[in-house]
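Biologist: I'd like to understand the inside of this protein a bit better. Could you pick one part and walk me through it slowly?

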Amino acid sequence: QISWTLLLVLGYLFYLLLGAMVFQLLEKQAETHFRDQFQLEKLKFLQNYTCLDRQALEQFVQVLMEAWEKGVNPEGNSTNPSNWDFSNSFFFAGTVVTTIGYGNLSPSTVAGQIFCVFYALFGVPLNLAFLNQLGKGLNAHLITLERWVQKPGRAQVRLAIFLTTGTLLFLVFPPLVFSYVEGWSYGEGFYFTFITLSTIGFGDYVVGTNPNKHYISVYRSLTAIWIVFGLAWLALVFNVGADLMEKFLQLKWHKPDLSLPEGATTKLEDEPEQPRIHIPS
């Protein structure tokens, strides 16, 4: 008898290996091209400005990298908007408690770093509790669908409406806004939307960071609110997908024990039925 748990572990590892190979195939050549192009640009810069030597240029590049790590955009000048005004600070607080952590901005003072630790220590559980409570409202509608399965068409229609509305509200329309405000393509906006709501948060795309654009003061605050509600919806969708995948593996690989006497049930069947869809805390 094949353990479906072992199958799940092996499938998980295989999925990671497959992803590693595909990402390497897609990205390594482009990285090599950009690295060579960057070195060529540095050589051209030294040729045009003979008063500089390579060591001086490397030191300046290091300064640029340190500025970027501290959240200071090397583009523009000292009149760039602050990264720590109230709107941006509100957005940063949201990325902390939701564990998105873009990585483009972080506290640089010891006091700020210590406060961030304790803020996250209490904020992450608070955020999970909030999302769990928010998800219960969505979950109640889907649990109701379980009781309507015997009524052909109605459950499927409500589920389709739920998924379609959430997809439009959190995944389709927001990239249009981000494309207009940030100047991204729709594909880049959609990529940012999903990477954010899934809490992956690479930090390669972050709203409100272009020094050449003028943003309204509440832009990033509104984005933070959108993120919170989008997290609850996408977490519910992920739970649905995980539950369906788990049931599929169990049905495919679980073999009944033929040695059991007639009428006996397995432990799994004896357990009381739980709501199929839930938000983990």
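Modeller: Let's take the nonpolar core and the small space beside the residues that build it up, after a quick look at the whole chain. Keep in mind that this is a predicted model.

The protein chain has eight helices and zero strands, so, read from the N terminus, its elements go α-α-α-α-α-α-α-α. Of its 281 residues, 26% count as buried. If you take the contacts with a separation of 6 or more, 62% of them are between residues 24 or more positions apart.

Now the core. The largest nonpolar core has 24 residues, and the ones with the most contacts inside it are F91, Y102, F178, L197, V207 and I227. Three elements give two or more residues to this core: α5 (154–182), α6 (186–197) and α7 (219–253). Helix α7 has the largest share, with ten residues.

Have a look at L197 to see how this works. Setting aside neighbours within four places in sequence, L197 is in contact with F170, L171, W226, I227, G230, L231 and L234.

Next, find T223, which sits in helix α7. Is T223 buried or exposed? Its relative accessible area is 5%, and the cut-off for buried is under 20%, so T223 is buried. Leaving out residues up to four places away in sequence, T223 touches F91, F178 and V207. Those three names should ring a bell, as F91, F178 and V207 are among the residues with the most contacts inside the largest core.

F91 takes us to α3 (86–97). The buried residues of this helix are S87, N88, F91, F92, A93, T95, V96 and V97. You can also check the length of α3: with twelve residues at 1.5 Å a residue, it should span 16 Å, and its end C-alpha atoms are 17 Å apart, which agrees. Right after α3 comes T99, with a positive phi near 60°.

Finally, the empty space. How many cavities of 30 Å³ or more are there? The count comes to one, with a volume of about 40 Å³. Its lining is made of F91, G94, T95, T98, I100, A224, I227 and V228. Both α3 and α7 supply at least two residues of that lining. Sorted by class, the lining has five nonpolar, three polar and no charged residues. Notice F91 and I227 in the lining: both are also among the residues with the most contacts inside the largest core.

Conventions
Residues numbered from 1 in each chain as written. Predicted model: local features only at pLDDT ≥ 70, side-chain atom pairs only at ≥ 80, totals over all residues. Heavy atoms only, no water. Core = buried A, V, L, I, M, F, W, Y, C linked by side-chain atoms within 4.5 Å. Buried < 20%, exposed > 50% of the residue type's maximum accessible area, 1.4 Å probe, protein only. Helix = DSSP H or I, 4+ residues; strand = E, 2+ residues; numbered from the N terminus. Contact = heavy atoms within 4.5 Å. 1 Å grid on protein atoms, 1.4 Å probe; cavity = no way out; pocket = protein on both sides within 12 Å on 5 of 7 lines; lining within 4 Å. Points joined across faces, edges and corners; volume = space filled by probe spheres on them. Nonpolar A, V, L, I, M, F, W, Y, C, P; charged D, E, K, R; others polar. Expected span 1.5 Å × (residues − 1).
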